[in-house]
Amino acid sequence: MFDTLERDLAVRVDGEVRFDAGSRAAYAYDASDYRQPPIGVVVPRSIDAAVEAVAVCRGHGVPVPSRGGGTSLAGQCRNAAVVIDRSRYRGRPVSLDTGRRRAVVEPGACLDDLNAELAAPQVVLRPDAFTDNFHPGAGRAAIAQPHCHQHTVWGVEADAEVLRRAGVQAQVLDVGCCGLAGNFGFERGHHEVSVGAAEPGLWPRVRDAGPGTTVPADGFSCRTRIADGTGVRAPHLAELPAEPL
């Protein structure tokens, strides 16, 4: 339905054009309780690129909300529209005048980041209605357990990129096998070996994870082993970006 719009944006805009389901899911929410997947997302690399993106969308009759830090509490930066995300390339302070208590920032600046820049002069900008650095999905921490076969054959870079695009602050674990290894851990005589694989590495990391930390795992064996040893439900990676949809 929006193939022509996507193509025109990709041709005319210097930036990232994302109409895939994962990106739309990641941008379906902000700091509010509202959920609305956008038509697509544009991440312009410059002011001129943002202007061109607006011009393309205007030509197609498509609305354009501009997303800054993603901290809106009433759903202002999500809609059935093309979201222009300023946070990646246009999110830094331009000038800070602590004497006059004035700051000029780029449109994608986040209040937490700005206040971190002002920490030394002991100046804090308000309002602080929402304190997390909240671009899509941010605020969610995760420790990801890769499947052994995936780790060995393909690597985990693709999973890490999906989590990054979903805004999840993820650490990919490198603690070895979960110990189940298909049905190996269920077979007679293998229980001690199976527990011995999980107990020194995976299970303690899951138990010690902070409150609210998600533990995504692609492998059925890994998810089963995490639940058996820690009581934590480990979702499949695909569940995280799909939640807003």
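This passage walks through the fold of one protein chain, from its overall make-up to a four-stranded sheet and two individual residues.

The structure is a predicted model. Its protein chain contains 10 helices and eight strands. Of the 245 residues in the chain, 40% count as buried. The accessible surface of the chain amounts to about 13000 Å², and carbon and sulfur atoms contribute 51% of that area. Contacts along the chain can also be sorted by how far apart the partners sit in the sequence. Among contacts with a separation of 6 or more, 59% link residues 24 or more positions apart.

A good place to begin looking is an open sheet of four strands, arranged in the order 1-2-4-3 with mixed pairing. Strand 1 (15-18) and strand 3 (66-67) form the edges of this sheet, each pairing on one side only. As general background, the strands of a sheet pair through backbone hydrogen bonds, in either a parallel or an antiparallel manner. Here, strand 3 and strand 4 (residues 82-85) run parallel and are joined by two bridges. To find this pairing in the model, S66 can be located together with I84, its bridge partner in strand 4.

Helix 3 (residues 47-59) packs on the sheet, where it touches strand 2 and strand 4. The direction of helix 3 makes about 175° with that of strand 4. Helix 1 (residues 3-12) also meets these strands, lying across strand 1, strand 2 (40-44) and strand 4. Relative to strand 1, helix 1 runs at about 170°.

Two residues from other parts of the chain show how single positions can be described. The first of these topics is Q171, which is found in strand 8 (residues 169-172). Q171 counts as partly exposed because its relative accessibility is 41%, a value between the 20% and 50% cut-offs. Beyond residues up to four places away in sequence, Q171 touches A142, I143, A144 and R205. One of these partners, I143, is 28 residues away along the chain, yet the C-alpha atoms of Q171 and I143 are separated by 4.8 Å.

The other residue, S221, belongs to helix 9 (residues 220-230). S221 has a relative accessible area of 11%, so this serine is buried, the cut-off for that label being under 20%. With neighbours within four places in sequence left aside, the contacts of S221 are C178, L180, A181 and G182.

How values were computed
Residues numbered from 1 in each chain as written. Predicted model: local features only at pLDDT ≥ 70, side-chain atom pairs only at ≥ 80, totals over all residues. Heavy atoms only, no water. Pairing = 2+ DSSP bridges. Contact = heavy atoms within 4.5 Å. Axes fitted to C-alpha atoms, helices over the stretch in contact; angles between N-to-C directions. Buried < 20%, exposed > 50% of the residue type's maximum accessible area, 1.4 Å probe, protein only. Areas by Shrake-Rupley, 256 points an atom, 1.4 Å probe, with all protein chains shown as cover.
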